[in-house]
Amino acid sequence: MIVKMKFVSLTGPKDDIDRMVDKYLSKYDIHLENAMSELSQVQDLRPYVQENPYRKRLAKANAYSAMVGKATPVPAGSMTIEESMELVRSLDENLTVLSEQKAELAREQEKCDEMMDRMRPYVDIMDDIDDILGFEFIGYRFGRFPKMYLNRFKEYMYDNFCTILQECGEDDEYVYCVYFAPHTELHRIEAVYSSMHFERLYIPDEYRSDPAEAFKRLSEKKADIDEEIADIEGAMKKILIQRAPSLLGAKEKLESLSRNFDVRKMAALTENEREQFYILCGWMAEEDLAELKRETADDEKVVLMVQDNDGEVRSSPPTKLKNPGLVKPYEMYVKMYGLPNYREMDPTALVAITYSLLFGVMYGDVGQGLCLMIGGFLLYRFRHSNLAGIISLAGVFSTIFGFLYGSIFGFEDILEPLWLDPRHDMTTLPGVGSINTILVCAVVFGMFLTIVTMVLHIRNYLRDRNTEEAFFSTNSVAGLIFYATVAFEIIMIFSGHAVPAAKVFEVIIILSVLVMFFKEPLSKIVERKASAGKAARKTRGSSSGSRANAAPEEEGFFPGGIGMFVVQGFFELFEVMLSYFSNTLSFVRVGAFAVSHAAMMSVVLQLAGAENGGNPNWIIVVFGNLFVMGIEGLIVGIQVLRLEFYELFSRYYKGNGKEFVSTFEKLENS
């Protein structure tokens with residue numbers, strides 16, 4: 001169901017907002033609206049702009065808390081604002097020097113790593129080419145090739161130029177090389193290498209004379225730096241661990257202060273001759289509002305006002321769903337389509353019933369249903385997955401219909417069907433012939449669900465005072481009378497009974513069709529009468545003959561002309577009749593999947609050799625059941641969801657609601 005909401009405004013002295021938020025408002029779920037836009041009609045209103053003084057200290061507290069690990073924090077309520085701020089400031093002061101030393105060492109470490117990465121591929125060859133590096137007429141370049149381009153270079157260019165390429169090592173992306181060329185050709189050859197994405201690496205001269213020794217010195221230097229960094233981190237951690245409980249308590253305190261301070265973003269300021277006041281406004285559940293009223297009743301600095309007149313509230317109420325635990329997982333499907341608006345009916349309970357029932361009809365098997373029920377329940381219990389909860393409840397109905405069909409893990413000779421056998425029970429319909437009974441039942445059940453959704457459609461639009469949709473449209477009173485009458489006649493004819501008072505039913509059908517055909521003129525007549533009544537009440541006592549008060553000329557009943565109206569109405573009515581027919585036949589799939597499930601399990605049992613009462617291959621039986629549970633369970637779940645969205649929701653549900661978001665939870669997660 002949808003939680004009842006009230007629009008509230010809270011006002012008090014500007015300097016008291018932090019106390020009010022911390023003492024009262026932060027305890028409740030409230031969907032705050034922007035007061036500047038909500039109260040735009042109030043004069044001399046301006047935004048409450050102020051920089052959050054806790055944000056920087058909170059960032060420091062979060063960084064230091066991450067280094068502490070687990071510890072029992074001091075209760076945040078036992079620390080004052082000043083104590084929390086001073087604790088983080090003093091820690092930051094003590095740790096800043098160590099942090100700067102660590103940062104300097106990290107830069108040195110990065111330089112060592114970079115130089116070692118450059119030298120590593122060349123360490124083993126540089127001693128061998130030391131004499132060559134001193135040649136007067138030969139130049140060299142260290143660098144690396146992307147693997148793809150090196151192969152191309154070797155294949156298409158290498159043999160055409162006066163150069164020697166020596167591969168020294170490789171990683172996942174690059175091959176590290178050194179190439180040699182005459183000084184006279186070096187500039188041209190360097191351009192060729194560059195064109196093939198050769199990236200030059202520079203190695204300082206001091207590392208070339210004895211590269212192995214230089215690499216060793218770099219390794220030792222890096223190890224020393226690592227050790228110094230570890231010592232600094234240990235010293236920092238020691239300081240933090242000593243004050244960990246206080247630090248974590250200060251962090252919680254600052255989080256609360258920062259979150260509450262950010263409420264100012266939604267507030268506005270106004271003032272009188274002596275003082276400035278804040279204004280906060282938003283939506284609260286009625287039960288929370290009653291408790292907040294009780295708490296603030298004796299507080300002279302807090303003024304709480306409740307707005308009961310919907311016409312004076314600019315924003316629409318947000319939607320907050322509250323359903324029993326058994327059907328709560330189905331809120332996931334409702335939200336997939338769209339939240340109900342505040343004036344709509346919450347369809348969660350109806351979805352839970354119809355989805356589970358349709359799933360059970362389409363997937364009736366005692367054994368597999370129990371597996372779905374138990375497996376889904378365990379996943380929902382330990383993983384809190386809404387989909388698992390849906391599977392568990394659907395498994396309950398699958399088990400029930402398994403008993404009704406007499407099927408357990410596909411075996412149909414163990415249990416006696418309590419209702420029917422989907423594959424073998426047939427019904428003879430006049431003019432149609434023999435057809436599976438389950439298909440007929442599925443269509444009849446679809447008719448019933450369609451009528452229920454029409455009733456819900458009428459209920460929703462009566463609340464919205466939409467005359468056309470409530471009385472004259474496809475799913476309105478006229479549509480309900482037409483569809484229910486036709487459905488009744490079809491059931492009577494196919495069941496072999498005469499339709500009582502057939503002429504009366506024909507008249508009812510014709511009248512309902514005419515009402516749907518003339519829905520626009522009829523709705524305009526009703527709306528004009530309603531508008532005329534309101535105008536008469538407003539002008540009562542004034543001069544009714546005054547030309548100034550005369551009503552403006554209204555649009556005619558057929559603004560596009562009678563001919564255009566008839567053509568358009570005919571095709572719209574044809575589309576309506578076609579949709580009634582196709583939507584009803586769409587429920588045939590419910591029975592078809594029941595037959596399909598029985599047929600698939602029959603194939604599994606045939607493969608296992610159990611169809612004729614023989615000794616079955618239990619491995620095939622087990623894996624066949626697992627396969628059917630997986631593939632058909634998924635398909636049936638999707639098909640039922642399709643029926644919910646396209647055949648049921650589309651008739652009565654808009655799903656254009658605004659979600660209720662607790663402002664404090666939003667600020668905490670931001």
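A residue counts as buried when its relative accessible area is under 20%, exposed when over 50%, and partly exposed in between. Keep that rule at hand for the exercises below, and remember that this is a predicted model.

**Exercise 1. Decide whether lysine 154 is buried, exposed or partly exposed, and describe its salt bridge.**

Step 1. The relative accessibility of lysine 154 is 37%, so this residue counts as partly exposed.

Step 2. Lysine 154 forms a salt bridge with glutamate 167, and the closest N and O atoms are 2.1 Å apart.

Step 3. Now place the two partners: lysine 154 sits in helix α7 (residues 147-156) and glutamate 167 in strand β5 (residues 164-170), 13 residues apart.

Step 4. Glutamate 167 has a relative accessible area of 34%, so glutamate 167 is partly exposed too.

**Exercise 2. Work out which partner is buried in the salt bridge between lysine 658 and glutamate 33, and how far apart the two are in the chain.**

Step 1. The side chains of this pair meet at 2.9 Å, N to O.

Step 2. Lysine 658 belongs to the loop between α23 (618-652) and α24 (663-669), while glutamate 33 belongs to strand β2 (residues 30-33); they are 625 residues apart.

Step 3. With 12% relative accessible area, glutamate 33 is buried, whereas lysine 658, with 28%, is partly exposed.

Step 4. For context, the structure holds 29 salt bridges, and Asp16, Arg19 and Asp299 are linked in a network of them.

**Exercise 3. Find where the largest nonpolar core draws its residues from.**

Step 1. This core has 39 residues, and Met119, Tyr122, Leu240 and Leu254 touch the most other members.

Step 2. Several elements give two or more residues to the core, including α3 (55-65), β4 (138-146) and α9 (211-242).

Step 3. The largest share, ten residues, comes from α4.

Step 4. Apart from this core lies another, of 38 residues, with Val327, Leu372, Ala442 and Phe593 among them.

**Exercise 4. Explain why the protein is described as more spread out than a compact globule.**

Step 1. Start with the make-up: the protein has 24 helices and twelve strands.

Step 2. Its radius of gyration is 39 Å, well over the 26 Å that the globule rule gives for 670 residues, so the protein is more spread out than a compact globule.

Step 3. Along its principal axes, the C-alpha trace spans about 115 × 95 × 60 Å.

Step 4. Finally, buried residues make up 41% of the 670 residues.

Notes:
Residues numbered from 1 in each chain as written. Predicted model: local features only at pLDDT ≥ 70, side-chain atom pairs only at ≥ 80, totals over all residues. Heavy atoms only, no water. Helix = DSSP H or I, 4+ residues; strand = E, 2+ residues; numbered from the N terminus. Rg over C-alpha atoms; globule rule 2.2 N^0.38 Å. Buried < 20%, exposed > 50% of the residue type's maximum accessible area, 1.4 Å probe, protein only. Core = buried A, V, L, I, M, F, W, Y, C linked by side-chain atoms within 4.5 Å. Salt bridge = Lys/Arg side-chain N within 4 Å of Asp/Glu carboxyl O.
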